[in-house]
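Here are my notes on the model you sent over. I've kept them as numbered points so you can follow along in the viewer.

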Amino acid sequence: MASLHMYTLTTIPCFIIFSIFLSTFSNGVFLEEISDILAINLQSQKTSHLHFYFHDILSGKNPSAIKIISPGGEGIYGFGKTFICDDALTIGPNASTEVIGRAQGIYAIASQSELALLMTMNFEFTQGKYNGSGISIFGRNPVMRDVREMPIVGGTGLFRFARGYALAHTIWSDVKSGDAIVEYNVFVQHF
């Protein structure tokens, strides 16, 4: 009998299950949130290509990234070193070009064998069509490779329910200071 019950549930369309659930267990606030989700799911999904530059500056009087954990050893590189950042995102590689958002998050050197970061980062956009929206990246970034791919695990605003990937390519770096400019090509699916 259990397998028959399971078979029956898998053949019922999702909207019927949501309707039964809503009529049985909903209150006003929950009903409103589910309505928003259903409305979004009815829209068609889009893929957007975003191109911008990430300016990670550890040096100078006003760095945009700082070391918050240093488990020993000299220099900026080494397993376990952890940084927090509030980096500018610009439309061009030069820091003086228009700032279109901020990269805010944490990255740590998570490999003992190569310079590879674990990145948990929110890219919040402050200009143009995506003003007030953001995407979240969580993944491994082996910085010595020419192009690195990291997953997009979510988003806010126009990027709600986002998924996709980001390709990072370092166009300039200073080995002594750790400063870097990274070009990002992001392909994000959203509603």
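1. Start at phenylalanine 125. Beyond its neighbours within four places in sequence, Phe125 is in contact with a good list of residues, among them Leu50, Phe52, Leu89, Ile100, Tyr130, Ile135 and Phe159. Glycines are on that list too, including Gly101, Gly132 and Gly134. Do keep in mind that this is a predicted model. Phe125 counts as buried because its relative accessible area is 5%.

2. One of those contacts deserves its own look. The structure holds eleven aromatic pairs, and Phe52 with Phe125 is an edge-to-face one, at 5.7 Å centre to centre with 70° between the planes. Phe52 sits in strand E1 and Phe125 in strand E5, so this pair ties together parts that are 73 residues apart in sequence. Phe52 has a relative accessibility of 1%, so Phe52 is classed as buried.

3. There is another edge-to-face pair to click on: Phe123 and Tyr184, with 5.2 Å between centres and 80° between planes. Here strand E5 supplies Phe123 and strand E9 supplies Tyr184, so parts 61 residues apart in sequence are tied together. Both Phe123 and Tyr184 are buried. Which residues make up the aromatic cluster? Phe52, Phe54, Phe123, Phe125, Tyr130, Phe159 and Tyr184 form one cluster.

4. Now zoom out to the core. The largest nonpolar core has 31 residues, and those with the most contacts inside it are Phe52, Tyr107, Phe123, Phe125, Tyr184 and Val186. Elements giving two or more residues to this core include strands E1 (46-56), E3 (82-90), E4 (99-109), E5 (116-125) and E9 (180-190). Strands E6 (134-142), E7 (148-156) and E8 (163-173) are also among the elements that do so.

5. Leucine 89 is worth a click as well. Leu89 lies in strand E3, and its relative accessible area is 0%, so Leu89 is buried. Leaving aside neighbours within four places in sequence, Leu89 is in contact with Phe52, Phe54, Phe123 and Phe125, among others. Glu98, Val99, Ile100 and Arg102 are also among the contacts of Leu89. As for His51, the C-alpha atoms of Leu89 and His51 are 9.8 Å apart, with their positions 38 residues apart in sequence.

6. On to charges: how many salt bridges does the structure hold? There are three. Asp86 pairs with Arg102, the closest N and O atoms being 3.0 Å apart. That bridge links strand E3, home of Asp86, to strand E4, home of Arg102, across 16 residues. Asp86 is partly exposed, with a relative accessible area of 34%, and Arg102 is partly exposed at 28%.

7. Glu114 appears in the other bridges I'd check. With Arg140, the N to O distance is 2.6 Å. Arg140 is in strand E6 and Glu114 in the loop between E4 and E5, so parts 26 residues apart in sequence are tied together. Glu114 also forms a salt bridge with Arg145, whose closest N and O atoms are 3.8 Å apart; Arg145 is in the loop between E6 and E7. Shared partners join Glu114, Arg140 and Arg145 into one network.

8. Last, the outside. Ile66, Ile68, Ile69, Ile84 and Ile106 make a nonpolar surface patch of about 400 Å². Strand E2 (residues 65-69) gives the largest share of the patch, three residues. Ile66, in strand E2, is partly exposed at 44% relative accessibility.

How values were computed: Residues are numbered from 1 along each chain as its sequence is written. This is a predicted model: local features need pLDDT of at least 70, side-chain atom pairs count only at pLDDT 80 or more; totals for chains, interfaces and linings use all residues. Side-chain values use heavy atoms; hydrogens and water are left out. Patches are made of residues with over 30% relative accessible area and no salt bridge: like charges are joined within 9 Å, nonpolar side chains (Val, Leu, Ile, Met, Phe, Trp, Tyr) within 5 Å. Accessible areas come from the Shrake-Rupley method with a 1.4 Å probe; for residues, only the protein chains shown count as cover. A salt bridge is a side-chain nitrogen of Lys or Arg within 4 Å of a carboxyl oxygen of Asp or Glu. Helices (H or I, at least four residues) and strands (E, at least two) are DSSP runs, numbered from the N terminus. Buried means under 20% relative accessible area, exposed over 50%, partly exposed in between (1.4 Å probe, protein chains only). A nonpolar core is a set of buried Ala, Val, Leu, Ile, Met, Phe, Trp, Tyr and Cys residues joined through side-chain atoms within 4.5 Å. Contact means heavy atoms within 4.5 Å. Rings of Phe, Tyr and Trp (its six-membered ring) pair if their centres lie within 6.5 Å; planes under 30 degrees apart count as stacked, over 60 as edge-to-face and the rest as tilted.
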